[in-house]
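User: I would like a close look at one part of this model. Please set out the overall picture before you go into detail.

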Amino acid sequence: MNIDIRKSIIDNFKNSSKDEIKESIISSLKMNEEITLPGMGVFFEILWQNCSNELKDEIINIISDNL
């Protein structure tokens, strides 16, 4: 069986409100379980593909400073 996790996650959130997406992110972080990592990765991919180079640099600095 071939499952497209990325498409499944995007489809699950396609009609979600901003508050629902925010709550899902907060909930995923609170759960601290590896099962939420693919969803967070898809959200990060969307963020990365749609932000400026300046914001990408800021994101890298935040990640680097907190590792």
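What pattern does the protein chain follow when read along the sequence? After that, please turn to helix 3: which residues of helix 3 meet which residues in helix 4?

Analyst: The model is predicted. Read from start to end, the protein chain follows the pattern α-α-α-α. That comes to four helices and zero strands. The chain has 67 residues, and buried residues make up 15% of them. Its C-alpha trace spans about 35 × 30 × 25 Å along the principal axes.

The surface comes next. The protein chain exposes about 5800 Å². Carbon and sulfur atoms supply 54% of that area. Charge is uneven in number: there are 7 positive side chains and 12 negative ones. The centres of the two sets lie 6 Å apart.

Now to helix 3. Helix 3 covers residues 37-49. It packs against helix 1 and also against helix 4.

Take helix 1 first. Helix 1 runs over residues 5-13. The axes of helix 1 and helix 3 come within 10 Å. They cross at roughly 80°. An angle from 65 to 115 degrees counts as roughly perpendicular. Helix 1 and helix 3 are therefore roughly perpendicular to each other. On the helix 1 side, the contact is made by Ile 5, Arg 6, Ile 9, Ile 10 and Phe 13. On the helix 3 side, Pro 38, Gly 39, Val 42, Phe 43, Glu 45 and Ile 46 take part.

Ser 8 also has its place in helix 1. Ser 8 is partly exposed, because its relative accessibility is 34% and the partly exposed class lies between 20% and 50%. Ser 8 and Ile 59 are 51 residues apart in sequence. Their C-alpha atoms are 26 Å apart in space.

Helix 4 is the other partner. Helix 4 covers residues 53-66. Its axis and that of helix 3 are 10 Å apart, and the two helices pack at an angle of about 140°. That makes helix 3 oblique to helix 4. As for your second question, helix 3 brings Phe 44, Leu 47 and Trp 48 to this meeting. Helix 4 brings Lys 56, Ile 59, Ile 60 and Ile 63.

Phe 44 deserves its own view. Phe 44 lies in helix 3. Leaving out residues up to four places away in sequence, Phe 44 touches Ile 59 and Ile 63. Phe 44 and Ile 63 are 19 residues apart along the chain, and their C-alpha atoms are separated by 12 Å. Is Phe 44 buried, partly exposed or exposed? Phe 44 has a relative accessible area of 35%, so it is partly exposed.

Farther along helix 4 comes Asp 65. Asp 65 is exposed, with a relative accessible area of 63%. Asp 65 and Leu 37 are 28 residues apart in sequence. From C-alpha to C-alpha, they are 21 Å apart.

Helix 2 completes the set. Helix 2 covers residues 18-31 and includes Ser 28. Ser 28 has 14% relative accessibility, so it counts as buried. With residues up to four places away in sequence set aside, Ser 28 touches Thr 36 and Met 40. Met 40 falls within residues 37-49, the span of helix 3.

Asp 19 has its place in helix 2 too. Asp 19 counts as exposed at 61% relative accessibility, whereas Ser 28 counts as buried. Asp 19 and Glu 58 are 39 residues apart in sequence and 24 Å apart in space, C-alpha to C-alpha.

One loop residue remains. Asn 32 is found between helix 2 and helix 3. Its phi is near 55°, a positive value in a residue other than glycine. Most residues other than glycine have a negative phi. Asn 32 counts as exposed, because its relative accessibility is 69%.

In short, helix 3 is roughly perpendicular to helix 1 and oblique to helix 4.

Terms used: Residues are numbered from 1 along each chain as its sequence is written. This is a predicted model: local features need pLDDT of at least 70, side-chain atom pairs count only at pLDDT 80 or more; totals for chains, interfaces and linings use all residues. Side-chain values use heavy atoms; hydrogens and water are left out. Buried means under 20% relative accessible area, exposed over 50%, partly exposed in between (1.4 Å probe, protein chains only). Contact means heavy atoms within 4.5 Å. Accessible areas come from the Shrake-Rupley method with a 1.4 Å probe; for residues, only the protein chains shown count as cover. Lys and Arg count as positive and Asp and Glu as negative; His and the chain ends are not counted. The place of a charge is taken as NZ of Lys, CZ of Arg, CG of Asp or CD of Glu. Axes are lines fitted to C-alpha atoms, for helices over the stretch in contact, and angles run from 0 to 180 degrees between N-to-C directions. Angles under 35 degrees count as roughly parallel, over 145 as roughly antiparallel, 65 to 115 as roughly perpendicular and the rest as oblique.
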